[in-house]
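This report considers how charged side chains and a few selected residues are placed in one protein chain. Please consult the sequence and the structure as each residue is named.

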Amino acid sequence: MPAVQEDTLDRTFAALAHPARRAILGRLARGEVASVTALAEPFDMSLVAVSRHVKILEDAGLISRKKEGRSRRCRYEPGAIGEAKGWLEAHQQYWTAQLEALTRYLKDAE
């Protein structure tokens, strides 16, 4: 696997490791475009802490921020998730094939 893709996957999975970041991403993935302040509303944490989570998501390429007036609006970017999904699907295909081969072997051994 190319180093660039590995770096992208590392950043994606690290960003998804925290429940607050998954919740933020989930809101944005539903088509919502929101300011950091709006994203912070449901959380019992400071705006600074939410901003750090948003920065991690942005660095991973999962979201983008665009300045609109005095605020920055956050938007979901599906590319990094697509790469992670492709990686997971490839591994799923491998393990599915391995389990099917094991099943055939065990049936033949009966």
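In this predicted model, Arg73 and Glu68 are joined by a salt bridge, and their closest N and O atoms are 3.7 Å apart. This pair counts as a salt bridge because the cut-off between a side-chain nitrogen of Lys or Arg and a carboxyl oxygen of Asp or Glu is 4 Å. Arg73 is partly exposed, with a relative accessible area of 27%. Glu68 is also partly exposed, at 36%. Side chains of opposite charge can pair when their charged atoms come close.

**Salt bridges**

By the same rule, the model has five salt bridges. Among them are the three listed in the table below.

| Positive residue | Negative residue | Closest N to O distance |
|---|---|---|
| Arg27 | Glu32 | 2.8 Å |
| Lys55 | Asp59 | 2.9 Å |
| Arg73 | Glu68 | 3.7 Å |

In the pair of Glu32 and Arg27, the side chains meet at 2.8 Å. Arg27 is buried, because its relative accessibility of 17% falls under the limit of 20%. Glu32, by contrast, is partly exposed, at 30%.

How far apart in helix α4 are Lys55 and Asp59? These residues are four positions apart, which means that about one helical turn separates them. Their salt bridge has its closest N and O atoms 2.9 Å apart. Lys55 is partly exposed, with a relative accessible area of 40%, and Asp59 is likewise partly exposed, at 43%.

**A buried arginine without a salt bridge**

Arg21 is situated in helix α2, which covers residues 19-29. Is this residue buried or exposed? Arg21 is buried, yet it takes part in no salt bridge. The nearest side chain of opposite charge belongs to Asp59 and is 10 Å away. Since a salt bridge requires a distance within 4 Å, Asp59 is therefore too far from Arg21 to form one with it. What does the side chain of Arg21 reach at 2.8 Å? At that distance lies the backbone oxygen of Ala15. Leaving aside residues up to four places away in sequence, Arg21 touches Ala14, Ala15, His53, Ile56 and Leu57.

**A loop residue and a helix residue**

Gly61 belongs to the loop that connects α4 (47-59) with β2 (63-68). Gly61 is partly exposed, with a relative accessible area of 32%. Apart from residues up to four places away in sequence, its contacts are Glu77 and Ala80. The C-alpha atom of Gly61 is separated by 22 Å from that of His91, a residue 30 positions away along the chain.

Ala97 lies in helix α5. Ala97 is partly exposed, with a relative accessible area of 36%. Between the C-alpha atoms of Ala97 and Arg72 there are 46 Å, while the two residues are 25 positions apart along the chain.

**A nonpolar patch on the surface**

Helix α5 spans residues 79-109 and includes Tyr105. Tyr105 is exposed, because its relative accessible area of 57% is over the limit of 50%. Which residues form a nonpolar patch on the surface together with Tyr105? They are Leu99, Leu102 and Leu106. Together with Tyr105, these residues have about 430 Å² of accessible area.

Notes:
Residues are numbered from 1 along each chain as its sequence is written. This is a predicted model: local features need pLDDT of at least 70, side-chain atom pairs count only at pLDDT 80 or more; totals for chains, interfaces and linings use all residues. Side-chain values use heavy atoms; hydrogens and water are left out. Patches are made of residues with over 30% relative accessible area and no salt bridge: like charges are joined within 9 Å, nonpolar side chains (Val, Leu, Ile, Met, Phe, Trp, Tyr) within 5 Å. Accessible areas come from the Shrake-Rupley method with a 1.4 Å probe; for residues, only the protein chains shown count as cover. Helices (H or I, at least four residues) and strands (E, at least two) are DSSP runs, numbered from the N terminus. Buried means under 20% relative accessible area, exposed over 50%, partly exposed in between (1.4 Å probe, protein chains only). Lys and Arg count as positive and Asp and Glu as negative; His and the chain ends are not counted. A polar contact is a pair of N or O atoms within 3.5 Å; within protein, one must be able to donate a hydrogen and the other to accept it, and residues adjacent in sequence count only if both atoms are side-chain atoms. Contact means heavy atoms within 4.5 Å.
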